Amino acid sequence: MYECSKCVISPNWSVWSLGDGQPPEEIDKQIDTPPLSILLIEKPQSGSINVGGDITFTAKVEAKDLLRKPTIKWFKGKWMDLASKTGKHLQLKESFDRFTKIHTFEMHIIKAKENYAGNYRCEVTYKDKFDSCSFDLEVKGFSEGQDDAGELDFSGLLKHREHKQEEVPEVDVWEILKNARPDEYEKIAFMYGITDLRGLLRRLKKTKKEEKKSEAFAKRLEPAYQVDKGGKIRLVVDLADPTVELKWYKNGQEIRPTPKYIFEHKGTQRIMVINNCQINDDAAYSVSAGEEKCTTELFVKELPVNIVKHLEPVKTTVNERIELECEVSEEGAKVKWMKNGVEVPTGVRSRYRVKSEGTKHWLIIDDATKDDTGTYSLMATGGTTEAKVQVELKPLKILMDLQSVTVLLGQPLKLNCEIYPGNIPGRWYKNGQLIQPSERLTIIHRTKNHSLDIESSTIHDAGDYTFVPEGYTQTLSAKVHIIDPPRVHLEALNVQDNTVVIVAGNKLRLEIPISGEPAPRVVWMKGERVRNRVRAETFADHTCLTIDIAEREDTGNYKIVLQNEAGEDTASVKIKVVDIPDAPEAPLVTDVGGDWCTMTWEPPRYDGGSPILGYFIERKKKQSSRWMRLNFDLCKETTFEPKKMIEGVPYEVRIFAVNAIGVSKPSEPSKPFLPLAVTSEPTMLVVDDVTDTTVTMKWRPPDTIGAAGLDGYQVEYCIEGSVLHWWVFMCVCAYTILYLTADEWILANKELIEKTRYTITGLPVEAKLLVRVKAINAAGASPPRTTQHSILVKEVIEPPKIRIPRHLKQTFIRKVGEVVNLVVPFVGKPRPKVNWLKEGQPIDQTINIRNSDCDSIMFIRKAERKHSGKYELSVQVENHIDTATLDIQIVDLPGPPQAVKIEEVWGNNVALDWNPPKDNGNAPIIGYTIQKADKKTMEWYTCIEHYHRTCITISDLVVGNEYFFRIYSENMVGLSESATATKDSALIVKEGLQLKIPEYNDRDFTEPPIFTQPLINTFAVAGYNATLNCSVRANPRPKVIWMKNKITIIDDPRYRMFSNQGVCTLEIRKPCPFDGGVYTCKAVNDLGEAQVDCKLEVKDVINNKCHVNAIYI
């Protein structure tokens, strides 16, 4: 029974929460069909489980139309959020299926307890959408002795309230609820500890219904009755008709007369007496008379269980029996045993046994231990009693103590001791850790003897062993020392021949495992002495040799010596320090080409302890500091041919040696060398001229010259009859190339020639010879270019032929004063004779003629019109002659037109007529330009250009104006220098009206100066620029003079004066108080003068005063 401060509530009522029921006014309403779910596609379903079972509730939400995960909450009842209750009994999980787009939310209840039963709710929200679902959980297998309600039980909060011992007056909660407002029901239920508010409200609503006047009952049952547990209650009704058959019911089941239920009749009263009321009598009772029925509620109040006999303190020893006895006021009462404030477990496997007979209760501990010491208490609904229990150890006698032993590694180990009493078990510890028996280790207990046996000892068996008798503070201890001869484990290095290779400059840390117990003393030696520079360290299971920076001198055999009390061991390790090779010596450049060279070098003196794998070659320009790698694959040989160098640029090369360790330092650079190449052979070697004693050859420069340039050419010839050798080479392109070598090639020019033409002289007549030409530069002579056929030394007559250029085949036109330079090429052998004629006559002396072997040049420095005409050129070789005619035209500007006159004037039109000019400038007239001018202004305007006829009508003239006209002639050179104007003017008048020109008098605009805007008195702030402005009108322009206090301002840098369009301005830069005064502006011209004055005051900001200089009048 649960007790609060003001009433007693039956423990049979279920756990109450705000979500368990509906408001009283909605209990009897018909529940409408809930709307279809908008988020949940699968709702959790109600279920039932047994106590201690597991159950899972699942809710699913489809996420196809959702942009993010919805929010879900699980509630028990109406207000308990289960998210904060997760733990060993409750787990909330969620998952998402990417294929079906469904969120799955699960609530797992683990090892359910009976108080987990009730109504649950699941709420899902997403933005403005909301969905919820309620479901019930039924837990079967209720146990009245179950006190742990779990995390989900709200009634547990009521159970653990402190029980007040004082008596409180009983309160009729039923009457309070009947008279209270509906919004106060929850507050009243919480105040008086009512848990089943839903059932109570349902009954309350039935009682509040208006009672109809009964025909069978004169007096009905009271709405509710209350009785103490074990007491007696009388339920009385008064019948209107005593003959009516009466039946009593409990929770709908008819009640038969028994010793517990006694029916009495007193007149019209019918009485049912219930004796010895118990908790199960708390129910709804009804009585029916015919077709009418009246009901009531019976509440059974459970009385508190008081302590009659308190617990007594107990003091005993280990392994003894302990009994704690207590007596309460009621038989069969439920009590709770506690130890140090914690409930004592009373299960099957518990060391504690609980016993009760009638009103007596016992707590029994059969085999007491030291841990049983504490404060034990018994809790009943009406009080608590407690007592202290003290458990002490029995005295212990050691018959044989543990002895420390020293055992050789691998030998059996045995520890034993004897204690009294002999039936006491104990535990073995090694270095504070509990020892458990195994196949290798055996623990034996025989009466008084306790022993620990190890078949084969190991290093790990050494340590401090302790035997602890159970229940006693005394311990037995001994030390076990395992010894083992030292040993060096070189096989762990996993190197061949125990040789360790290390690269020079790296850190060597050589760890070699060692064994031995106790830890051996380690000494490292090289030869017969200890290396001081090498650092050696020794640890429990290995020794370490450290060389921070390995050097070549560290190579050698190192000896390790291990010693301990069990023996000695030695071993040797060979350390080989390898390094990069030394730098090779500077390479030698043996041969140089146009973009290549050949270089050789010697291997390095020291290969670093590893064979040389190859070499890297680098080069750089002499002026540069940037080296470039030439080979990315190692060069195995000691020769190399660098290519792709720039001709004419000096280079240097160097070498790197490479072994398995790395690349050596670079060698010294080679001596600078300059790649140079001879030019290619000259091209297009042909015979230019042959005489009886000479042969003239010409050729073109080589296609490839190179950086060495071209110093000149060398010409050689060989007269037929010398010993000649022809060498035949097959070219790649399948052409046959013939190279001629002669034993007697004669050098034609002793010195190199720069021209590509040379005449070989002193040759015998009708001799046959071959000629070859070589190009010479700093790299040497190029391959020769040789004539393919022999040349006969004999002059050949070639008829003359004039080759007139294309631009001279038509009339050659030049302007007067320009230069005329005509070049007419021709051919013919021997040298032809050239003659020029102009229209059959010798040419003028002002014309210069210059002839050569192949062309003739006519040159006129300043052309004149007399130079126009047809020129004949004749070229003659012996009896062969060739002629050509050239037409030259020298043109000039034309003269003006003749006889320009006005033929007719009508309306706004004028007809003009003229004759062509006498001089057309030796070129046809291509047009005329006509201009007009008004008589008033005589400004000429062009009416039309490039007009071809000699008559024209000028239209759109202005009525009232009088016009003159003039005309220019035009040819290919341009317009004539002068124009011919009409003598008469053309007056454009309006027909039928006579224009009278009024007379006007010129206005005189001159006037003396007059100020249109005077100066204004001004205040200025010291330190800020100030300006004075006025405006004056005068013609001619006046001279403006500024004065201060009647003194003219001249060349003062503090003043700036401006005058623009009659506006006069005086700017005073950063005035001070002394700049105040009367300022005057005076304007003067030839017609008079005028002036204006103003007063300027300068305010000093600091003193806030105005200063005005004295005014002079």
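Below, a colleague asks about a predicted model and its modeller answers.

Colleague: Which conventions and pLDDT limits apply to this predicted model?
Modeller: Residues are numbered from 1 along each chain as its sequence is written, and side-chain values use heavy atoms, with hydrogens and water left out. Totals for chains, interfaces and linings use all residues, while side-chain atom pairs count only at pLDDT 80 or more and local features need pLDDT of at least 70.

Colleague: How many salt bridges are there?
Modeller: Side chains of opposite charge can pair when their charged atoms come close. The rule used here asks for a side-chain nitrogen of Lys or Arg within 4 Å of a carboxyl oxygen of Asp or Glu. By this rule the count of salt bridges is 44.

Colleague: What is the N to O distance in the salt bridge of Lys 250 and Asp 281, and where do these residues lie?
Modeller: Strands are DSSP runs (E, at least two residues), numbered from the N terminus. Lys 250 is in strand β15 (residues 246-250), and Asp 281 is in the loop between β18 (269-274) and β19 (283-289). The pair links distant parts of the chain, 31 residues apart. Their N to O distance is 3.5 Å.

Colleague: Is Asp 281 buried or exposed?
Modeller: Buried means under 20% relative accessible area, exposed means over 50%, and partly exposed lies in between (1.4 Å probe, protein chains only). The relative accessible area of Asp 281 is 1%, so Asp 281 is buried.

Colleague: Which class does Lys 901 fall in?
Modeller: The side chain of Lys 901 meets that of Glu 903 in a salt bridge. Glu 903 has a relative accessible area of 44% and is partly exposed. Lys 901 has a relative accessible area of 44%, so its class is partly exposed.

Colleague: Which residues form a nonpolar patch with about 270 Å² of accessible area?
Modeller: Patches are made of residues with over 30% relative accessible area and no salt bridge; nonpolar side chains (Val, Leu, Ile, Met, Phe, Trp, Tyr) are joined within 5 Å, like charges within 9 Å. Accessible areas come from the Shrake-Rupley method with a 1.4 Å probe, and for residues only the protein chains shown count as cover. One member lies in strand β32 (residues 413-420) and is partly exposed at 45% relative accessibility. The patch on the surface is formed by Leu 399, Met 400 and Tyr 420.

Colleague: In the hairpin of β26 and β27, which residue takes a positive phi?
Modeller: Two strands pair if DSSP finds at least two bridges between them. Strands β26 (residues 352-357) and β27 (residues 360-365) pair in the antiparallel sense over 6 bridges, and one bridge joins Ser 356 to His 361. The hairpin has 2 residues between the strands. The residue with a positive phi, near 65°, is Gly 358.

Colleague: How many disulfides does the structure hold?
Modeller: A disulfide is a covalent bond between the sulfur atoms of two cysteines; the cut-off here is a pair of cysteine sulfur atoms within 2.5 Å. Cys 1064 is in no disulfide, and its nearest cysteine sulfur, that of Cys 1081, is 4.6 Å away. The number of disulfides in the structure is 0.

Colleague: What is omega for the cis peptide bond of Lys 829 and Pro 830?
Modeller: Pro 830 is placed in the loop between β65 (820-829) and β66 (833-838). A cis peptide bond joins Lys 829 to Pro 830, with omega at about -15°.

Terms used. Helices (H or I, at least four residues) and strands (E, at least two) are DSSP runs, numbered from the N terminus.
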